[in-house]
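Here are a few exercises to work through with the model open. Try each task yourself before you read the solution.

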Amino acid sequence: MGSVDAATQKAGLVFPSGVVSHTGASGLILGGGTGWLTRRFGLSCDNVEGFTLVTAEGSVVRANAKENADLFWALRGGGGNFGVVTEFEVKLHPLTSVVLAEGLTPKADIRRLLEFWRDFMAEAPIDLKWNIDLRLAADTQKVPDELRGRPVAGSSLVWTGDPEAGRPYLERALSLCSLDSVRSKTVSFLNLQTMADSDFPHGRRYYTKSGFFAYLANWAEASDDAANVAWVRGLFNKLRPAMKPGVYVNFMSGDEQDRVPEAYHERWDRMVAVKSHYDPNNFFRLNQNVPPRKLAAKKS
Ligand SMILES: Cc1cc2nc3c(=O)[nH]c(=O)nc-3n(C[C@H](O)[C@H](O)[C@H](O)COP(=O)(O)OP(=O)(O)OC[C@H]3O[C@@H](n4cnc5c(N)ncnc54)[C@H](O)[C@@H]3O)c2cc1C
């Protein structure tokens, strides 16, 4: 995606994509595409207005709101199932810099932070994106003494609007962070897009599983505390049963073919119908595969 960012920034424009610049554009867009600008501008695939692709039988086909609308629908999330996309016609947006704010919350306040995040983000302007990760804080001088090497919640916030207007939102969001850990600065869009690159170098081994959680346990009676707290702790050992159906197709690994229908849930039958029309022999199968009808029927 880095080359797309570099080209679009020359005109002061952005295409909303992922958070690591050396990720390929095509797979990311075809599977959805989430990143810093998702709240403001939608997923990457929401910003595609047309595709040109080569189908399994070798035809060059256009897909947009007017031409092959079923294929246009399926390509926005359906991955590499329908053909080789040779051209993406995309929508761009003006943006050259953002405010980036970060902070660390000590373990004792993580629960409060997550509850605050849940309520705050439901009402927050779409200019604000707030990511939280749970980790051990680095053991370096950049981290306040009392947090080094300890479990923390790391908050990373991006404000895409007028910096002054964003200040009160960022201050409130960071109010549960240790004061010495809070940093805020204006960064160029290109810096934002490359700041995570060194954490994900080429040549390393990657394996991802993902899911969506039903949130969250809450109850009224203090007498239920012990049982409910035990249940929440048990969740860490039994993640799968507590997850909502659904998974993001771009964060699945190659051994999860059985979960592909879960990624599309109520849209699965429509995906299979489009696949059956454009790739009835499943030529494009080295992906999170949507099998065409006749092959799916043979298996069962
Ligand atoms: C370090 C890292 C960071 C990531 N960060 C994000 C993130 O921030 N947001 C996010 O949404 N995802 C993220 N991802 C997931 C990413 O979206 C997927 O890995 C995606 O498949 C990458 O696209 P690619 O073109 O590099 O894929 P490839 O590995 O080249 O291909 C993956 C799939 O896409 C299909 N495909 C690729 N090109 C085409 C084409 N031209 N036509 C048709 N099908 C094609 C392939 O057939 C294959 O099925 C990340 C992944 C990694 C490894």
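**Exercise 1: around the ligand**

H2 and strand S4 (84-90) each supply at least two residues of the shell around the ligand. Helices (H or I, at least four residues) and strands (E, at least two) are DSSP runs, numbered from the N terminus. Before you start: this is a predicted model, where local features need pLDDT of at least 70, side-chain atom pairs count only at pLDDT 80 or more, and totals for chains, interfaces and linings use all residues. Residues are numbered from 1 along each chain as its sequence is written, and side-chain values use heavy atoms, leaving out hydrogens and water.

Task: find which element gives the most to the shell around the ligand, then look for polar backbone atoms by the ligand.

Solution:
- Start with the shell: 21 residues surround the ligand (a heavy atom within 4 Å). Val19, Gly27, Thr34, Val85 and Tyr248 are the closest.
- Next, sort by element. H2 gives the most, with four residues.
- Now check the backbone. A backbone N or O atom of Thr34 sits 2.8 Å from a ligand nitrogen, while a polar backbone atom of Leu28 is 3.2 Å from a ligand oxygen.
- Finish with cover: the protein hides 66% of the 940 Å² of accessible area (Shrake-Rupley method, 1.4 Å probe) that the ligand has on its own.

**Exercise 2: one helix, two faces**

Task: work out where the buried residues of helix H6 (residues 163-173) fall, seen down its axis.

Solution:
- Pick out the buried residues (under 20% relative accessible area, with exposed over 50% and partly exposed in between; 1.4 Å probe, protein chains only). In H6 these are Gly166, Leu170 and Ala173.
- Look down the axis: they fall within an arc of 55° (from the directions from the helix axis to the C-beta atoms), so they line one face of H6.
- Turn to the face away from the buried side, and you meet the exposed Glu164 and Glu171.
- Ask what the buried residues pack against (heavy atoms within 4.5 Å): strand S6 (97-106), helix H5 (110-123), strand S7 (128-136) and strand S8 (151-159).

**Exercise 3: two asparagines**

Task: Asn68 and Asn282 — buried or partly exposed?

Solution:
- Check phi: Asn68 has a positive value of about 50°, and Asn282 one of about 55°. Most residues other than glycine have a negative phi.
- Place them. Asn68 is in the loop between strand S3 (60-64) and helix H4 (69-75); Asn282 is in the loop between helix H11 (268-278) and helix H12 (293-299).
- Read the accessibility: Asn68 is at 33%, so it counts as partly exposed. Asn282 is at 7%, so it counts as buried.

Methods: A polar contact is a pair of N or O atoms within 3.5 Å; within protein, one must be able to donate a hydrogen and the other to accept it, and residues adjacent in sequence count only if both atoms are side-chain atoms.
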